[in-house]
Amino acid sequence: IPTTPSEDGYIDPYSMTQALAIGARMYGAEIYMPAPVTGLNYRSDGRWDVQTSHGTIKSKHVVNAAGN
């Protein structure tokens with residue numbers, strides 16, 4: 001049964017976040033919660049050192065999802 005565009009492509013934020021986390025874990029990601037960031041250091045090789053209460057995490061990308 002075809003759907004109209006107004007019925008297509010909706011997902012709630014919680015389910016989307018959980019789906020992304022499941023996929024990330026499948027590919028070897030480790031998720032630490034809570035993990036407040038206490039410092040960021042941009043490295044000469046283009047990566048980041050992210051200081052957290054769990055220690056330093058090396059990352060290719062940093063996304064600030066703290067809200068407003």
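## Exercises on pockets and a surface patch

In this predicted model, 17 residues line the largest pocket, and those nearest its centre are Val50, Ser59, His61, Val62 and Val63.

**Exercise 1.** State the volume of the largest pocket and find which strand gives the most to its lining.

*Solution.* Start with the volume, which is about 790 Å³. Next, list the strands that each supply at least two residues of the lining: β1 (37–42), β2 (48–52) and β3 (55–59). Of the lining residues, three come from β3, and this is the most given.

**Exercise 2.** Sort the lining of the largest pocket into nonpolar, polar and charged residues, then do likewise for the second largest pocket.

*Solution.* For the largest pocket, the lining divides into ten nonpolar, four polar and three charged residues. For the second largest pocket, first name the lining: Thr17, Gln18, Leu20, Ala21, Ala24, Arg25, Ile31 and Met33. Sorting these by class gives five nonpolar, two polar and one charged. The charged one is Arg25, because Arg belongs to the charged class. The space in this second pocket is about 230 Å³.

**Exercise 3.** Which residues make the nonpolar surface patch of about 300 Å², and is Ile11 buried or exposed?

*Solution.* The patch is made by Ile11, Met16 and Leu20. Leu20 also appears in the lining of the second largest pocket. Ile11 is found in the segment before α1 (13–26). To classify Ile11, take its relative accessibility, 52%. The cut-off for exposed is over 50%, so Ile11 counts as exposed.

Conventions:
Residues are numbered from 1 along each chain as its sequence is written. This is a predicted model: local features need pLDDT of at least 70, side-chain atom pairs count only at pLDDT 80 or more; totals for chains, interfaces and linings use all residues. Side-chain values use heavy atoms; hydrogens and water are left out. On a 1 Å grid over the protein atoms alone, a cavity is a set of points where a 1.4 Å probe fits but cannot get out, and a pocket is an open set with protein on both sides within 12 Å along at least five of seven lines; lining residues have an atom within 4 Å of a point. Grid points are joined across faces, edges and corners, and a volume is the space filled by probe spheres set on the points. Helices (H or I, at least four residues) and strands (E, at least two) are DSSP runs, numbered from the N terminus. Patches are made of residues with over 30% relative accessible area and no salt bridge: like charges are joined within 9 Å, nonpolar side chains (Val, Leu, Ile, Met, Phe, Trp, Tyr) within 5 Å. Accessible areas come from the Shrake-Rupley method with a 1.4 Å probe; for residues, only the protein chains shown count as cover. A salt bridge is a side-chain nitrogen of Lys or Arg within 4 Å of a carboxyl oxygen of Asp or Glu. Buried means under 20% relative accessible area, exposed over 50%, partly exposed in between (1.4 Å probe, protein chains only).
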